[in-house]
Structure formats: C-alpha cells, structure tokens
Amino acid sequence: MLECPEHLLYSVTHTWVQIIDDEANLARVGITHHLQEELPEILSVDLPMDGDELEIDNPCMHLHLEGDTITEVCSPLTGRAVSINRDVLDNPDL
C-alpha cells in the first residue's frame, strides 16, 4: 500500500503541496509516489527556474520517460518558484 502522509495536500493529478510557512506563503510541491510508480522510468526532469511564475493547472515541469515519452506535470497552485530541488536534476528518481 502506498503511503500518503497526512501533512501533505493532494491534487487529483497526483501532485502534492506541503505548506512550509503560511504567513510567508511558502509551500513545497512534488509528485506522488503513486504517479512515480505508474510511469515508466523517469530519465530526466525539466523544472521551473527560480523566479518563474506558476499558474494552477498549467504545466510547470516535464518528466522525460523511458521510451522517448515526455509527460507534463501541472502546478497544483499559483505562485512563484523561489527555489528548486537541484538534486532531482542529477537524480530524477528522487
């Protein structure tokens, strides 16, 4: 059974949001383990750049998958990317 931590908010498109600082309007976003397990191997990831504006339900990241497939992941909220997990660029399995 897949783990669904209760401190995360989930979208129907298999993204999650973790509120980091409610007063500063800071949140962390990612994709669910379920989505990761349903997709072929993720070979690389295109993430937004620091400062990029994100719109809810608009593509914010691309997953390059085994078999030359690219999947778009839509942002679960509107805001600005203040930092990205650069480790995922070198290790897309994260």
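This briefing walks through the overall fold, the strand pairing and the nonpolar core of the structure above. Please keep in mind that the model is predicted. The protein chain holds two helices and eight strands, and strand S6 is a good place to start looking, since S6 pairs with S4, pairs with S7 and gives the most residues to the largest nonpolar core.

**Overall shape and fold**

- Reading along the sequence, you will meet the elements in the order β-β-β-α-β-β-β-β-β-α.
- The radius of gyration of the protein chain is 13 Å, which agrees with the value near 12 Å for a compact globule because the chain has 94 residues.
- If you are setting up a box, the C-alpha atoms fill roughly 40 × 35 × 25 Å along the principal axes.
- Of the contacts between residues at least 6 apart in sequence, 35% join residues at least 24 apart.

**Surface and burial**

- Buried residues account for 26% of the 94 residues in the protein chain.
- The protein chain exposes about 6800 Å², and 50% of that comes from carbon and sulfur atoms.

**Strand pairing around S6**

- Strand S6 covers residues 59–65, and its pairing with S4 (42–46) is antiparallel, with four bridges.
- Within this pairing, Val45 has Leu63 in S6 as its bridge partner.
- On S7, which spans residues 69–74, S6 finds another antiparallel partner, joined to it by six bridges.
- Here His62 stands opposite Glu72 in S7.
- The hairpin of S6 and S7 has three residues between the strands, and Gly67 takes a positive phi near 90 degrees there.

**The nonpolar core**

- The largest nonpolar core has 12 residues: Ile31, Leu35, Leu39, Ile42, Val45, Leu54, Cys60, Met61, Leu63, Leu65, Val73 and Ala81.
- Strands S4 and S6 each supply at least two residues of this core, and S6 leads with four residues.
- The bridge partners Val45 and Leu63 both belong to this core.

**A closer look at Cys60**

- Which residues does Cys60 contact, leaving aside its neighbours within four places in sequence? They are Asp46, Leu47, Pro48, Leu54, Val73, Cys74 and Ser75.
- Among these contacts of Cys60 are Leu54 and Val73, and Cys60, Leu54 and Val73 are members of the largest nonpolar core.
- Val73 and Cys74 are also contacts of Cys60 that lie in the range of S7, residues 69–74.

Key. Residues are numbered from 1 along each chain as its sequence is written. This is a predicted model: local features need pLDDT of at least 70, side-chain atom pairs count only at pLDDT 80 or more; totals for chains, interfaces and linings use all residues. Side-chain values use heavy atoms; hydrogens and water are left out. A nonpolar core is a set of buried Ala, Val, Leu, Ile, Met, Phe, Trp, Tyr and Cys residues joined through side-chain atoms within 4.5 Å. Buried means under 20% relative accessible area, exposed over 50%, partly exposed in between (1.4 Å probe, protein chains only). Contact means heavy atoms within 4.5 Å. Two strands pair if DSSP finds at least two bridges between them. The radius of gyration is taken over C-alpha atoms; the globule rule is 2.2 Å times the number of residues to the power 0.38. Accessible areas come from the Shrake-Rupley method with a 1.4 Å probe; for residues, only the protein chains shown count as cover.
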